[in-house]
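Me: Please take a close look at one part of this structure, the metal site, and explain how it is put together. A connected answer would suit me best.

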Amino acid sequence: MISTIDQLEFPYADAPPPGVVTEVAPGLLWARLPLPFRLNHVNVWLLEEDDGWTVIDTGCATPAIHAAWAQLLAGPMRGKPVVRVIATHGHVDHIGLTGWMVERFDAEFMGTFGEWMWARVSHTRDFSGANETHHRFLVSHGFEEAVAERMVKGRQRFIDLSSALPGAIREIRDGEIVRLGGRDWIVMVTRGHAFEHASFYCPADGILIAGDHLLPKISPVIAVYEMAPKADPLADYLASFPQFDGIPAGTLVLPSHGMPYRGIHQRVAGLRQHHDRRLDATAGFLRRPSNGLDLSKAMFPHIEGPENIGFALGETLAHVNYLVHQGIVDEARDAAGRNVYVTRG
Ligand SMILES: [Zn+2]
């Protein structure tokens with residue numbers, strides 16, 4: 001992976017430990033929650049209102065995160081209620097405890113309609129047809145039946161990390177201005193990492209709450225999933241970058257994973273370069289025809305375990321579908337009906 005990390009400026013040497021906050025601007029607090037994945041934490045943002053707090057992202061349903069929230073609510077949040085809960089997007093480490101928090105405080109839930117809907121479908125056990133579609137998708141990309149079955153079951157683990165999602169939403173859309181914590185924020189909706197990911201930009205104070213869209217150190221997962229197997233999320237992701245062109249270089253970017261940073265334009269350039277190189281490597285490997293599974297192993301040689309190979313497949317297919325849409329790679333089916341890809345010419 002290309003790191004542009006040395007071109008970025010990190011104003012904070014340390015992240016707050018669980019239950020503790022760092023004030024990044026007056027009335028805007030940064031808290032960090034521990035995650036039960038290799039991605040070991042998620043940053044959340046607490047914005048002080050006259051009558052309580054707006055919380056942006058909540059983490060997922062684990063005892064450690066519940067304990068961190070108990071500490072935050074009693075400590076830095078001074079026992080004041082949560083009046084609004086926002087999810088930047090529907091992934092479980094962001095939206096997982098939203099329903100619990102909304103219910104506990106009778107708070108308003110705010111987010112994009114697409115992410116809320118996606119989460120309600122994805123984080124519901126035995127949603128009609130979901131497991132069959134996932135299984136067929138894995139087999140079509142070269143996984144053996146028994147492995148595919150294990151992987152489909154394995155994903156249930158993520159479903160258990162979400163509390164029941166809020167039943168109603170205050171929908172936000174791209175370009176809308178929302179007043180949160182005494183500041184006006186422009187909602188920026190982007191695709192690529194998620195279907196309708198929301199970032200929040202405050203021009204007056206030069207702050208961008210960026211969710212997972214522009215992480216400082218790792219490239220956000222850009223993946224094809226079984227719900228939309230022919231989608232081109234990488235094209236969507238790359239197409240989102242010009243939306244950030246007009247944001248001043250000195251803007252403080254608050255990402256969901258990693259440290260707050262300045263240097264948004266260097267970071268965007270670095271992410272673009274990363275994907276360009278991955279596209280070149282993908283087209284190179286596909287000079288010899290390959291299915292998705294074999295290509296994923298070639299693209300991610302160090303990956304192990306069915307769960308991780310599932311992520312690798314999604315990410316690999318994002319690059320493959322981009323090349324297919326560009327007319328650089330052809331897609332065909334082998335005798336067993338599995339997808340096979342090959343670079344043209
Ligand atoms: Zn995410």
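Reply: In this predicted model, the four donor atoms around the zinc ion subtend angles of 88 to 174 degrees, so the arrangement is irregular. A tetrahedral site would need all angles to lie between 85 and 135 degrees, and the upper value of 174 degrees falls outside that range, which makes the label tetrahedral unavailable here.

The donors are His89 through NE2, His91 through ND1, His193 through NE2 and Asp212 through OD, at 2.1 to 2.2 Å from the zinc ion. Along the chain their spacing reads H-x1-H-x101-H-x18-D. The site therefore links distant parts of the chain: His91 lies in the loop between β5 and α2, Asp212 lies in the loop between β11 and α8, and the two are 121 residues apart.

Two of these donors can be described by their accessibility. Buried means under 20% relative accessible area. His91, at 15%, is therefore buried, and Asp212, at 4%, is buried as well.

The strand that precedes the loop of Asp212, β11 (207-211), also belongs to an open sheet of five strands with mixed pairing, in the order β8-β9-β10-β11-β12. In that sheet β8 and β12 stand at the edges with a single partner strand each, so one side of each has no neighbour in the sheet. From one strand to the next the twist averages 30 degrees. Within the sheet, β9 and β10 run antiparallel and are joined by five bridges.

Methods: Residues numbered from 1 in each chain as written. Predicted model: local features only at pLDDT ≥ 70, side-chain atom pairs only at ≥ 80, totals over all residues. Heavy atoms only, no water. Pairing = 2+ DSSP bridges. Helix = DSSP H or I, 4+ residues; strand = E, 2+ residues; numbered from the N terminus. Axes fitted to C-alpha atoms, helices over the stretch in contact; angles between N-to-C directions. Donors = N, O, S within 2.8 Å, 3.2 Å for Na, K, Ca; no water. Tetrahedral: all angles 85-135°; square planar, octahedral: opposite > 155°, others 65-115°. Buried < 20%, exposed > 50% of the residue type's maximum accessible area, 1.4 Å probe, protein only.
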